[in-house]
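Work through the exercises below with the sequence and the structure at hand. Each task is followed by a solution in steps.

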Amino acid sequence: MAMESKYIWMDGKLVEYEKATVHFMTPALHYGMGVFEGIRCYSTPKGSGVFRLREHLERLIDSIQIFGVREFPYTVDQLRAAVHETIKANGLKECYIRPLIYMANGPLGLNLDASKPSVGIAVWEWGAYLNAGEEGGIKVMISSFTRHHPNVTMTKAKVTGNYPNSVMAKTLALRAGFDEAIMLDPTGLVAECTGENLFVVRGGKLYTTLRANILEGITRDSIITMAGDMGYQVIEEPISRDQLYIADEVFLCGTAAECVAVREIDFRTIGSGKMGPITAAIQKAFFDTVRGNGKRSTEWLDYP
Ligand code: PMP
């Protein structure tokens, strides 16, 4: 996976890729004191378009607020301009965009107020994250690692220090021969995957979990809206593990994963064992939209 590019934007300047380094004593590196976003830019008939850039940057600022950083020197508009500048400087038509705000410039320690936030923005070409292969769906397991209790690390914030939970679940799933892990919350109900939210299709209706114990995915929100546009009923309610096993269809969604069907969970075939018709329709609407040919494309694409 080549993540190289020409430049990384660091605190207001475009820095050559090899020179975009941080010091060993940076507090963020030791204590997970950072917040980040994952965003995608797609090639469209009107040029490169960033999908829901403003919403992603607003969530970045929300992550800062939840984490408790009190002074942050950039507005959403300034960050948006910086993302545009980074994409243009790297000359990429389609890319993944990674803004990271990390606590630097201060002594090593646990006090957020003792260090100052730095900002970096990287972009690179990145294809499909979860490969559905010929079967058109992936195999997943329910992880033995529980998703965070919302009062341990905050699930609404993309704080770097939250992600070892996902790293352990993802690594275990891959080592066990699965493509992804579904994580349950501390009460045993379905929460989300390591980097995706989840939808269930049953009896022609779509179900997705409540927002309280998950990261409020922007892809999830987009799919709820598009499914509504297409006339599907979408119900947000608690989902149990056995409801997954008896679903007609299950699919995952996220910026990196986009929209991908699940064909097997814990060695149980889901529905027909292939991508189901409603997942296929939602996936098509998603790709039409991000590539500039959907009903919501004008509203959701931001052209650098
Ligand atoms: N849950 C988690 C834990 C994630 O890291 C992500 C990826 N940001 C998602 C869900 C999906 O969110 P989005 O659709 O905004 O990328």
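**Exercise 1. Locate Asp266 in the predicted model, and state whether Asp266 is buried or exposed.**

Solution.
- Step 1. Find the place in the fold: Asp266 belongs to the loop between β15 and β16 (268-269).
- Step 2. Look at the backbone: phi of Asp266 is positive, about 50°, although Asp266 is not a glycine.
- Step 3. Take the relative accessible area, which is 11% for Asp266. The cut-off for buried is under 20%, so Asp266 is buried.

**Exercise 2. Find where Asn105 lies and decide whether Asn105 is buried or exposed.**

Solution.
- Step 1. Asn105 sits in the loop between β6 (95-104) and β7 (116-124).
- Step 2. Asn105 is not a glycine, yet its phi is positive, at about 50°.
- Step 3. The relative accessibility of Asn105 is 57%. Exposed means over 50%, so Asn105 counts as exposed.

**Exercise 3. Describe the surroundings of the ligand: how many residues surround the ligand, and which are the closest?**

Solution.
- Step 1. Count the shell: the ligand is surrounded by 16 residues.
- Step 2. Name the closest of them: Tyr163, Glu192, Ile218, Thr219 and Thr255.
- Step 3. Sort the shell by class: three residues are nonpolar, eight are polar and five are charged.
- Step 4. Assign helices: α2 (53-67) and α5 (218-229) each contribute at least two residues to the shell around the ligand.
- Step 5. Identify the site: the largest pocket is the space that the ligand takes.

**Exercise 4. Give the distances from oxygen atoms of the ligand to polar side-chain atoms of Thr219, Thr255 and Arg59, then state how much of the ligand the protein covers.**

Solution.
- Step 1. For Thr219, a polar side-chain atom is 2.5 Å from an oxygen atom of the ligand.
- Step 2. For Thr255, the distance from a polar side-chain atom to a ligand oxygen atom is 2.6 Å.
- Step 3. For Arg59, an N or O atom of the side chain lies 2.8 Å from an oxygen atom of the ligand.
- Step 4. Turn to the area: on its own the ligand has 390 Å² of accessible area, and the protein covers 96% of this.

**Exercise 5. Which side chain makes a polar contact with Glu258, and which with Thr194?**

Solution.
- Step 1. Place Glu258: this residue is in strand β15 (residues 258-265).
- Step 2. Check its accessibility: with a relative accessible area of 9%, Glu258 is buried.
- Step 3. Name the partner: the side chains of Glu258 and Tyr42 make a polar contact of 2.6 Å.
- Step 4. Place Thr194: the residue is in the loop between β10 (190-193) and β11 (197-202).
- Step 5. Check its accessibility: Thr194 has 7% relative accessibility and counts as buried.
- Step 6. Name the partner: the side chain of Thr194 is joined to that of Glu180 by a polar contact of 2.7 Å.

**Exercise 6. Set separation in sequence beside C-alpha distance for Ala256 and Arg40, Glu37 and Leu60, Cys253 and Ile223, and Ile218 and Ser115.**

Solution.
- Step 1. Ala256 lies in the loop between β14 (249-254) and β15, and is buried at 13% relative accessible area. Ala256 and Arg40 are 216 residues apart in sequence, while their C-alpha atoms are 7.6 Å apart.
- Step 2. Glu37 is part of the loop between β3 (34-36) and β4 (39-44). Its relative accessibility is 0%, so Glu37 counts as buried. From Glu37 to Leu60 there are 23 residues in sequence and 6.2 Å in space, C-alpha to C-alpha.
- Step 3. Cys253 is in strand β14 and is buried, with 1% relative accessible area. Along the chain, Cys253 and Ile223 are 30 residues apart, and 8.4 Å separates their C-alpha atoms.
- Step 4. Ile218 is in helix α5 and is buried, with a relative accessible area of 9%. For Ile218 and Ser115, the separation is 103 residues in sequence and 30 Å in space, C-alpha to C-alpha.

Terms used
Residues numbered from 1 in each chain as written. Predicted model: local features only at pLDDT ≥ 70, side-chain atom pairs only at ≥ 80, totals over all residues. Heavy atoms only, no water. Near = heavy atom within 4 Å. Polar contact = N/O pair within 3.5 Å; in protein donor to acceptor, adjacent residues only side chain to side chain. Areas by Shrake-Rupley, 256 points an atom, 1.4 Å probe, with all protein chains shown as cover. 1 Å grid on protein atoms, 1.4 Å probe; cavity = no way out; pocket = protein on both sides within 12 Å on 5 of 7 lines; lining within 4 Å. Sits in = over half its atoms within 2 Å of the grid points. Helix = DSSP H or I, 4+ residues; strand = E, 2+ residues; numbered from the N terminus. Nonpolar A, V, L, I, M, F, W, Y, C, P; charged D, E, K, R; others polar. Buried < 20%, exposed > 50% of the residue type's maximum accessible area, 1.4 Å probe, protein only.
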